[in-house]
Amino acid sequence: MTEESVVPALARGVKFRFDEVRQKWVLLAPERMFVPDDPAVEILKLVDGARSLAKIIDDLAQRFAAPRDVIARDVAAMLADLAAKGAIRL
Amino acid sequence: MTPPAPPPAPPLGLLAELTHRCPLQCPYCSNPLQLEGASTELDTSAWRRVIDEAAELGVLQIHFSGGEPTARRDLVELVRHAAGRQLYSNLITSGVLLDARLMAALAEAGLDHVQLSFQDVETAGAERIGGLPGAQAKKLAAAALIRESGLALTLNFVVHRQNAEHLPAMIALGEELGAQRIEIAHVQYYGWGLVNRAALLPSRAQLESTTAEVEAARKRFSGRMVIDYVVPDYYAERPKACMGGWGRRFMNITPSGKVLPCHAAETLAGVEFPSVRTASLAEIWRAAPAFELFRGTGWMAEPCRSCERREIDWGGCRCQALALTGDAANADPACALSPHHSVMLAAIEEASGGAPDFVYRRIGADPKAPRRASVEA
């Protein structure tokens, strides 16, 4: 389980941007790319290498008026998945 | 009557082969046997226009490749132009021409990632395979420069029967050089690779041991280093989804401006490929006959036509179907359901003898008449 004090960041060589042609957010990485779904987009928008995981969870729980432990589980799972794929550093 | 097909989704990636010039002579080079000379290369303004058209069409990643792309004097300008259009840029290089000044200029221009090739971990073997004495030290120096620049680094190793045993050392070198990613790619047997197949095709035991080592290393480096792995399909039961399907995701532009659905497509004799000199990338992607030729599933014959995997592997590789069965519209013979599957077994048998000398990749070489290597009739 990831500690909430960790500060997630995009891995070296990874970019997160909005693609005007497809009207979708895309995560671009060395020789691969991901098209995150809407909840993942909201999480990735908060991954800036400065906010801690705790702060990201607080922010989402407040904005989406959802139980904090549910949000915490979803955020940690999503970031762990992208970390295993090399797109996020935890 | 069938309704007209919807327009294809935009391509994701563009491989820009800026030049076929290269100081190395790897006998499995993915460039075509008939290499294009410097005098036919697109100029800077044509490439700038191509980059604009690619961005407008929806391309997300551009791979500057070759030959050796750093042999082009306008590489930095093209990288800067791609960055200005928000394209994710990747430099695919041998590293032997990369110095501190060029590295700094590329990083400043907005390059996102460098893929650096190694032919082996041991100097003598690597330089015998690449055909360039002194290359290994330059590559190691290039890796350090890339690392210091702060850019993401991938090490690329092409593996085959003459270096497969060094796989653990390749992965260790990636860790030592601070790579974010390692690509272990078995030779793909088209073009030069097919000419040199009897010297390169690994045994089944070699393939199985490299696969096991890659899987173990992936676990060991999870979250720290990505390891991508490309297998040869001679031992497979089902073909690979070549390019993710013809004209579905990817375009390749040759140094002279020809636009191909994959980098080996020029082996398909009789197909006329469009050029960026006479049409826009959007027109080519949406309607060029060469891109329509094997797009989707309508072109398929049996066993592909009724196969439940037809939209998973898209019939495999058209170039391999032509090279090994004589008809590009046949199922890829890598598929066990292909009536031609036995040609793969025959190639394995042929490669189990002594390894013939390499036919090196050279502009003006005559690979159609190799002295000792064997080619398909």
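Guide: A nonpolar core is a set of buried Ala, Val, Leu, Ile, Met, Phe, Trp, Tyr and Cys residues joined through C-beta atoms within 7 Å. The model discussed here is predicted.

Visitor: How many residues does the largest nonpolar core have?
Guide: Residues of both chains appear among those with the most contacts inside this core: Val75(A) from one, and from the other Ile51(B), Ala54(B), Ile62(B), Phe64(B), Ile146(B) and Leu153(B). The size of the core is 127 residues.

Visitor: Which residues does Ile51(B) touch, not counting residues up to four places away in sequence?
Guide: Ile51(B) is one of the residues with the most contacts inside the largest nonpolar core. With residues up to four places away in sequence set aside, the partners of Ile51(B) are Ile62(B), Leu78(B), His81(B), Ala82(B), Arg85(B) and Leu87(B).

Visitor: Does the radius of gyration of chain B agree or disagree with a compact globule, and what is the value?
Guide: Chain B has 377 residues, and a compact globule with that many would have a radius of gyration near 21 Å. Along its principal axes, the C-alpha trace spans about 60 × 50 × 45 Å. The radius of gyration of chain B agrees with the globule value, at 20 Å.

Visitor: What percentage of contacts in chain B, between residues at least 6 apart in sequence, join residues at least 24 apart?
Guide: Chain B contains 13 helices and nine strands. Of its 377 residues, 49% count as buried. Among the contacts in question, the share that joins residues at least 24 apart is 71%.

Visitor: Which element gives the most to the side of chain A that touches chain B?
Guide: The contact takes 16 residues from chain A and 18 residues from chain B. On the chain A side, the elements that give two or more residues are strand 2 (15-19), strand 3 (24-29) and helix 3 (68-84). By class, this side has eight nonpolar, two polar and six charged residues. With three residues, the element that gives the most is strand 2 of chain A.

Visitor: Which strands stand at the edges of the open sheet in chain A?
Guide: Three strands form this sheet in the order 2-3-4, with antiparallel pairing. The twist from one strand to the next averages 30°. Each edge strand has a single partner strand, so one side of each is left without a neighbour in the sheet; these are strand 2 and strand 4 (32-34) of chain A.

Visitor: Which residue stands opposite Phe18(A)?
Guide: Strand 2 and strand 3 of chain A run antiparallel and are joined by five bridges. In strand 3 of chain A, the residue opposite Phe18(A) is Trp25(A).

Methods: Residues numbered from 1 in each chain as written. Chains lettered and ligands numbered in written order. Predicted model: local features only at pLDDT ≥ 70, side-chain atom pairs only at ≥ 80, totals over all residues. Contact = placed C-beta atoms within 7 Å. Helix = DSSP H or I, 4+ residues; strand = E, 2+ residues; numbered from the N terminus. Nonpolar A, V, L, I, M, F, W, Y, C, P; charged D, E, K, R; others polar. Rg over C-alpha atoms; globule rule 2.2 N^0.38 Å. Buried ≥ 20, exposed ≤ 12 C-beta atoms within 10 Å, placed from the backbone. Pairing = 2+ DSSP bridges. Axes fitted to C-alpha atoms, helices over the stretch in contact; angles between N-to-C directions.
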